[in-house]
Amino acid sequence: MLTLTGLRKTFNPGTVNEVRALQGVDLTIEDGSFVIVLGMNGSGKSTLLNAVAGTFIVDSGRIDLDGHDVTRWPEHRRARLIGRVFQNPFSGTAPNMSIAENFALAARRGRPRGLGFALSRDLMGPLRDRVALLKMGLEDRLDNAIGSLSGGQRQALTLLMATWLKPALLLLDEHTAALDPKSADQVITLSEEVVARDKLTTLMVTHSMQQAVSLGDRLIMMDRGKVLHDFRGPAKKRLRAEDLIDLFDEIRRRELLDESAAAMLQSLYV
Amino acid sequence: MTLLVGAFTIGLILALLALGVLVSFRIFGLPDITADGSITLGAAVTATLCATGVNPVFATAAGMVSGALAGALTGVLHTKFKINALLAGILVMTALYSVNLRVMGRSNIPLMQHTTLGTWGEDAGYSLLGDRGLMVFGWRVGAGEIALLVGSFVVAVLVAVALFAFFRTHLGTAMRATGDNPQMIRALGANVETHIILGLALSNGLIALGGSLLAQYQGFADAQMGIGMIVWGLASVIIGEALTGGRSLGLTLVGAIMGSVLFRLLVAVALRWGLNPNDLKLITALFVFVALILPGLLKKIRRPAQLTTVPSA
């Protein structure tokens with residue numbers, strides 16, 4: 001279970017570049033729940049994922065994950081509980097190392113790394129079987145450098161790596177945004193399979209309305225560093241892409257209104 | 001022939017320097033100038049201990065450990081205090097110059113009168129081969145020289161094999177990934193800072209071991225002996241990569257040893273042909289400069305050629 005209480009984060013405080021990225025996020029995600037996070041650019045959805053992952057320490061608030069208060073844990077310590085797939089296909093794998101070596105690293109996520117041989121037989125057997133299920137023909141190329149693969153293949157492998165040891169939480173940060181439509185579909189199908197099979201608690205950021213309505217059992221929409229809407233259960237099931245577009249329009253109209261109101265106040269009083 | 005055997009032996013000893021530079025520069029991508037100080041530190045510590053009659057094996061180990069500590073210090077400056085890697089190396093290297101003088105108590109310690117791994121090796125050679133030495137390609141080579149050549153070959157191979165094995169363990173693989181993609185390995189739960197500190201300790205430990213063996217081979221330690229060593233190590237690594245052309249771990253390790261030996265041979269031949277020893281470092285620096293920019297230049301030259309081969313629609 002993931003519980004966020006009053007999360008706040010401001011970047012570059014006190015400067016002209018001040019960004020109030022998170023302005024009090026409260027959220028509880030039950031075990032096995034697959035949550036879609038939507039929002040416009042700058043709404044704080046990626047910042048939310050990074051706050052949970054520990055890329056930075058929040059200014060205030062509290063993060064509880066799987067019975068631990070991880071608010072002050074550094075990123076590498078949280079990795080014991082969290083599997084991640086990044087937006088950039090180059091971020092999640094070590095390009096100059098082989099597929100097998102990348103998986104050997106993932107098989108020790110958050111665990112002590114001793115002087116045992118990394119590419120043990122215990123790993124290679126299951127690895128070949130699992131990679132064969134991708135039907136990408138990669139099971140015979142486990143010794144190839146991962147940098148020689150396409151973005152879609154790398155993202156699929158990163159997803160397998162992130163979930164090789166079952167994580168208490170899986171974070172997917174627009175993980176298909178940089179892929180061509182066909183690869184994106186493949187990776188999305190794989191994500192659904194993996195999440196369903198291991199009943200993973202998942203937080204997924206996306207820009208695709210289609211993915212937002214077809215995936216997950218809960219959808220939250222963020223705006224200005226807060227959770228604006230929260231649909232779950234039947235309400236989430238009923239959501240259609242048009243409904244989401246309407247919600248976005250509403251946010252956009254309000255922002256326009258804010259701007260015109262600000263302009264009016266400025267013309268009146270300044 | 002003596003010149004050739006000597007060049008081979010020094011090349012093999014300085015292969016440890018090349019392997020150390022390989023770890024910091026190629027695996028971690030950090031230009032670690034600590035090398036100039038740590039190679040002298042290894043020599044200084046070993047020479048000082050040998051001169052007081054300490055067992056050479058212990059003296060050599062002490063030299064290596066002190067180099068590892070120096071490397072760890074650079075790592076701490078870089079990771080914990082967020083100092084640029086180059087500057088952190090310069091700081092430690094500069095500090096080590098004074099440390100080395102303190103350790104030695106003077107700028108030069110001769111070891112001719114003392115028991116070292118070098119004298120052990122020569123003694124072993126004489127007892128095995130006798131005073132007459134061996135005929136190699138019609139040239140007579142002294143038993144002592146042969147023994148030291150074989151000894152340094154064994155050390156270089158053992159160290160390379162140990163490195164190869166280490167970089168295939170869980171910890172070693174994670175350390176390689178630290179240089180390849182720190183974001184990825186952090187997300188997989190590795191402490192990147194610790195890995196960098198460990199890696200620089202390993203690198204400088206190897207380099208100090210090289211310095212320690214070099215002092216015992218040439219029979220003295222000198223406060224100036226480390227100047228420019230990082231560039232020599234880089235030159236060896238680059239030659240090695242050109243020789244093996246390999247991106248795989250094993251090939252780069254073998255390449256570093258071959259590169260170091262070939263580099264020493266080239267230097268020996270150039271000096272024999274009348275190259276002024278004072279110009280050696282200038283030429284080495286030029287060589288590394290060319291080797292660093294050559295791949296980019298070749299790409300630029302080839303690109304227009306590729307464009308013309310694209311069929312027009």
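User: Which residue stands opposite A:His68 of S5(A)?
Analyst: In this predicted model, A:Leu65 is the residue facing A:His68 of S5(A).

User: How many bridges join S4(A) to S5(A), and do the strands run parallel or antiparallel?
Analyst: Strand S4 of chain A, residues 60–65, is joined to S5(A) by two bridges, and the strands run antiparallel.

User: What is the strand order of the open sheet in chain A?
Analyst: The order is S2-S1-S4-S5, four strands with antiparallel pairing. In general, strands of a sheet pair through backbone hydrogen bonds.

User: Which are the edge strands?
Analyst: They are S2 (19–29) and S5 (68–69) of chain A, each of which pairs on one side only.

User: Which strands does H1(A) lie across, and at what angle to S2(A)?
Analyst: Helix H1 of chain A, residues 45–53, lies across S1 (2–11), S2 and S4 of chain A. Its angle to S2(A) is about 65°.

User: Turning to domains, how is chain A divided?
Analyst: Chain A has domain 1, covering 2–239, and domain 2, covering 240–270. Their centres, taken over C-alpha atoms, are separated by 32 Å.

User: How many residues are in contact between these domains of chain A?
Analyst: The contact involves 10 residues of domain 1 and eight residues of domain 2.

User: Which elements give two or more residues on the domain 1 side?
Analyst: Helix H7 (209–214) and strand S9 (218–223) of chain A do so. H7(A) gives the most, with four residues. By type, the residues on the domain 1 side that touches domain 2 of chain A are seven nonpolar, two polar and one charged.

User: And the contact between the chains: how many residues does it take from each?
Analyst: Chain A provides 25 residues and chain B provides 20.

User: Which helices of chain B each supply at least two residues to the side that touches chain A?
Analyst: Those are H8 (170–180) and H9 (182–187) of chain B. The largest share, seven residues, comes from H8(B). On this side of chain B there are eight nonpolar, seven polar and five charged residues.

User: One more helix, please. How many residues has H10(B), and how far does it reach?
Analyst: Helix H10 of chain B, residues 192–218, has 27 residues. From its first C-alpha to its last it reaches 39 Å, close to the 39 Å expected at 1.5 Å a residue.

User: How many of the residues of H10(B) are buried?
Analyst: H10(B) is mostly covered, with 23 of its 27 residues buried.

User: What follows H10(B)?
Analyst: B:Gly219 comes after H10(B), and its phi is positive, near 85°.

Technical notes
Residues numbered from 1 in each chain as written. Chains lettered and ligands numbered in written order. Predicted model: local features only at pLDDT ≥ 70, side-chain atom pairs only at ≥ 80, totals over all residues. Domains from an automatic or database assignment. Contact = placed C-beta atoms within 7 Å. Nonpolar A, V, L, I, M, F, W, Y, C, P; charged D, E, K, R; others polar. Expected span 1.5 Å × (residues − 1). Buried ≥ 20, exposed ≤ 12 C-beta atoms within 10 Å, placed from the backbone. Pairing = 2+ DSSP bridges. Axes fitted to C-alpha atoms, helices over the stretch in contact; angles between N-to-C directions.
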